[in-house]
Protein chains: 2
Amino acid sequence: MRLSLTNEISDLINSYHELNSGPVDELEEEPSPLEFMRYVARNLPFVVRKGASDWAAVKEWNAKYLVDVMGEQLVNVAITPHGNADSVVELEDNSLIFVKPYDTEEPFSKVIKKIQDQERSLSSQEPTRYAQTQNDNLRNEYIQLFSDLPKDVPFARISLQKSPDAINFWLGNSHSTTALHKDNYENIYVQVRGRKHFVLLPPVEGACINEQLIPAATYTPRPTSTSSSTSRSSPTSSRSHSPSLADTGTALDEGLNDLVVSLDEPEENVPFATWDPDLPDQRPTPFSKYSRPLRVTLDEGDMLYLPALWYHKVSQSCSSEGICCAVNYWYDLDFSGSFWSLCSFTRAVGLLTLGRNPQHGEEDDA
Amino acid sequence: MRLSLTNEISDLINSYHELNSGPVDELEEEPSPLEFMRYVARNLPFVVRKGASDWAAVKEWNAKYLVDVMGEQLVNVAITPHGNADSVVELEDNSLIFVKPYDTEEPFSKVIKKIQDQERSLSSQEPTRYAQTQNDNLRNEYIQLFSDLPKDVPFARISLQKSPDAINFWLGNSHSTTALHKDNYENIYVQVRGRKHFVLLPPVEGACINEQLIPAATYTPRPTSTSSSTSRSSPTSSRSHSPSLADTGTALDEGLNDLVVSLDEPEENVPFATWDPDLPDQRPTPFSKYSRPLRVTLDEGDMLYLPALWYHKVSQSCSSEGICCAVNYWYDLDFSGSFWSLCSFTRAVGLLTLGRNPQHGEEDDA
C-alpha cells in the first residue's frame, strides 16, 4: 500500500512538471482582471517587470525619505542572531526546533540605521533586524507611508471581488532570509528598494518539503541571571552554521547580542517545512528529488503574483543604501470550489506516506 | 495505513461539502468572461435560466423543422434495448460489463419518427434510439442545423481563449439515460426541446462512484445463425431490470429488436463508475454515503455550465412532440496548473484505498 502511494505521489509531482514546465511567466504590463483570474484558476505565478514603477513608493522611497516620514515612531522589529525569523534551527543534539524572532519595538530611525550599518559591515557583532510583522502594518504603524501606495491592486480586487486582508511593509537587509513556508493568501508582492530572490514550489510538492511537527521556541535576550530552565543554548542555524549564540555576545546592545532560544511555554509543536531547496541533501524526503523549484528575482518596481499555498523561500539583496524594502497585498484564498480541499488532501496523503500523522492542524502562516 | 487513508478521503469529501453547500447557482443572464472564469477557477457549475432563449434553434426547432432541414439524410444513431448507451449492465451471474450501443446509420426522418413513436407508446417493442455521437456532429452530419446556433459561446471562448473542441447535437426521448461518467471538458449545455435532468457529483467524490475495470461489450443484432461464442445472453439492465434481451425480440425491425451483448474483440477492460446515485444501495463503496449529488433540471432555453471532471448522470423528458433535443459545446480542459494533476492523484488514491489498481488508464470519455 505504501509503495503504491509512493508511486502515486511521485507520479503527481512528475506529471505536474510535465504539464507545467519552464520559468515563471513574465508579463509586460499588469494583467486585466480576466487575465489575472486565469492565473488564479491555474494557481500559477507570474511577474510583471516594472509593473509598479509608477507607484509613488517606488519613485520616492529611500532611506532619508522613510526616516523623514517615520522619524522616531516606534515600530515592531524582529530580531534574530542569523536573520532567521520563523525558521527551523538544528540543535547540537540534531533535534529541530521552530524558532521565532525576538519581537520588540524600536524607533524607526534606529531600526533602519541598524539595518544599514549591518549591511555595510559597520556592526557585524549586531543581531539582524527585520521589519516584517505581516499584520497589515501599512494600515497601522506605517500608515504615514501608505499614502504612497495604491489602496489595493485593482486587477486583483476586481478579479477576486474582495479587498486585501492585509497590506504589509517589509524592511531588512541581505542578512535576513524567510524560510520555506506557505500562506493561505493570494499574494501580490512589489519590490520597492533592493532585490528579493524567491524560490517557489507548487502545492503538489508538499511531500518534498519534509513537513515535521517540531517544538516552537523564541529568541529572547539572555536573562541577567543564569539561563532559564527552558532555554537551550548553542543552536546552529540550519542554513549558515554560524557560531553558537552563546559565543557571540560581547558588545551588548540592550542585551540583544546575547539572544538565546527559549522553548515556548506552554509547550507547542508546530508543523513546518524542514527541507531547504537550497540545501537539497539536508533532510530530504524520498520525494524531494522530484522537486523543481522555480526561481525568480524581483528588481525595484517589479510585481510578483505568488499564488496561494505555494511554498516560498525568500532572500534579499540591498540597494546602494543598504536596505531592502518591499510591500505586499494579501487577498484571502477562496476556500470554496475544489482547490483548497484537494490541496489539503494531497498534503495529508503525503504525510501519511512519510509515516506521519496529518491530523496535527494546518501549517502556521508564520 | 488504509484506515488513515479512509479517514482522509472521508475528510476530503465532507470538508468539500462544508465549503460548498447548497444548490447549483442560478444566474439571471450570461456571465461575463471574468464571471465565467471565476466558476472555472472554482470548478463549480451554474445554470443560466433562459440563457439561450434568443437562439434560433431554441425559437425554431420542432420535429417538423428538423425533418424539413435534415430529411432523409443518413445520421448516426445509438440503438439499445433499454436506452442504456455506454452503461454498466449486470449479467445473470452478477458480473458486470460495460456495454456500448449498436451504432448504425439511418435516415434522420426515420430516427426522429421512431423516437416519437416510442415516446407515445406506439412502438413499445422497439429498441431505443438516441442520436448522441458526441463527435462534433453539429459541424459534420448536422451541419445544416448549425446555422441556427452560435459558432461558439462568446463568454467561454473569451474566457478560455479557445474555440470549442466539439459541438454536439442530442436527440432522444425519455427512455434514454446517460450513465454516470465524467469528461475532460468544460461543458456548456443548452436545452432546446424537452427537459434534461442532471445529477452532478464533484471530482472529490471519485471514491464514491465505485469505479471498476470491467469488460467492454457492444449491443449487436443477433446473428441469423446461433449466437457467436463471445455473446452472452440475458443481461439485465442495472437500472430497469427489464426482461432479458433474449425474451424481447418478436417484431423485428431489421433485427434491431433482438440486440445481444457481444464482448469486444480483442478483449478490453474499461474503467467506469458502477455506483448510481439514484440507486444508492446498489454497489456502494464505503464512501458513497458521503456523496451529496446536486440535481438540476434544464428547461427549454436553459444553459448549464458543467465543469470539467464532474461526474454526471443525465435523464430526459420530452416536449409535447415526444422529443428531447439539446446541444452542447465542449472546450478542452486546461491540463496545466494544479487542478488536473490534483484530481488525477485524488482518483488514484481513492482506488488504492478501495484495494484497486489505479494504473489502468483514465476513464473513457464515452
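These questions cover a predicted model, its chain A–chain B interface and one sheet of chain B.

Q: How many residues of chain B and of chain A does the contact take?
A: Contact here means heavy atoms within 4.5 Å. The two chains bury about 3700 Å² between them, 69% of it on carbon and sulfur atoms. The contact takes 43 residues from chain B and 43 residues from chain A.

Q: Which three residues supply more of the area that chain B buries against chain A than any other three?
A: Their share is 19% of the area that chain B buries against chain A. The residues are B:Met1, B:Leu342 and B:Phe345.

Q: How many salt bridges are counted between chain B and chain A?
A: The interface has 14 residue pairs in polar contact, both residues at pLDDT 80 or more. The side of chain B that touches chain A has six charged residues, alongside 24 nonpolar and 13 polar ones. The salt bridge count is zero.

Q: Which helix gives the most to the side of chain B that touches chain A?
A: Helices H1 (2-19), H2 (33-42), H7 (154-160) and H8 (339-353) of chain B each supply at least two residues. The top contribution is eleven residues, and it comes from H8(B).

Q: Which strands are the edges of the open sheet S6-S3-S7 in chain B?
A: The three strands pair antiparallel in the order S6-S3-S7. Six bridges join S3 (residues 74-80) to S6(B). Each edge strand pairs on one side only; the edges are S6 (102-107) and S7 (128-130) of chain B.

Q: At what angle does helix H5 of chain B run to S6(B)?
A: H5 spans residues 108-119 and lies across S3, S6 and S7 of chain B. Its angle to S6(B) is about 110°.

Definitions and conventions: Residues are numbered from 1 along each chain as its sequence is written. Chains are lettered from A and ligands numbered from 1 in the order in which they are written. This is a predicted model: local features need pLDDT of at least 70, side-chain atom pairs count only at pLDDT 80 or more; totals for chains, interfaces and linings use all residues. Side-chain values use heavy atoms; hydrogens and water are left out. Buried area is the accessible area (1.4 Å probe) that two parts lose on being put together, summed over both. A salt bridge is a side-chain nitrogen of Lys or Arg within 4 Å of a carboxyl oxygen of Asp or Glu. A polar contact is a pair of N or O atoms within 3.5 Å; within protein, one must be able to donate a hydrogen and the other to accept it, and residues adjacent in sequence count only if both atoms are side-chain atoms. Helices (H or I, at least four residues) and strands (E, at least two) are DSSP runs, numbered from the N terminus. Ala, Val, Leu, Ile, Met, Phe, Trp, Tyr, Cys and Pro count as nonpolar, Asp, Glu, Lys and Arg as charged, and the others, Gly among them, as polar. Two strands pair if DSSP finds at least two bridges between them. Axes are lines fitted to C-alpha atoms, for helices over the stretch in contact, and angles run from 0 to 180 degrees between N-to-C directions.
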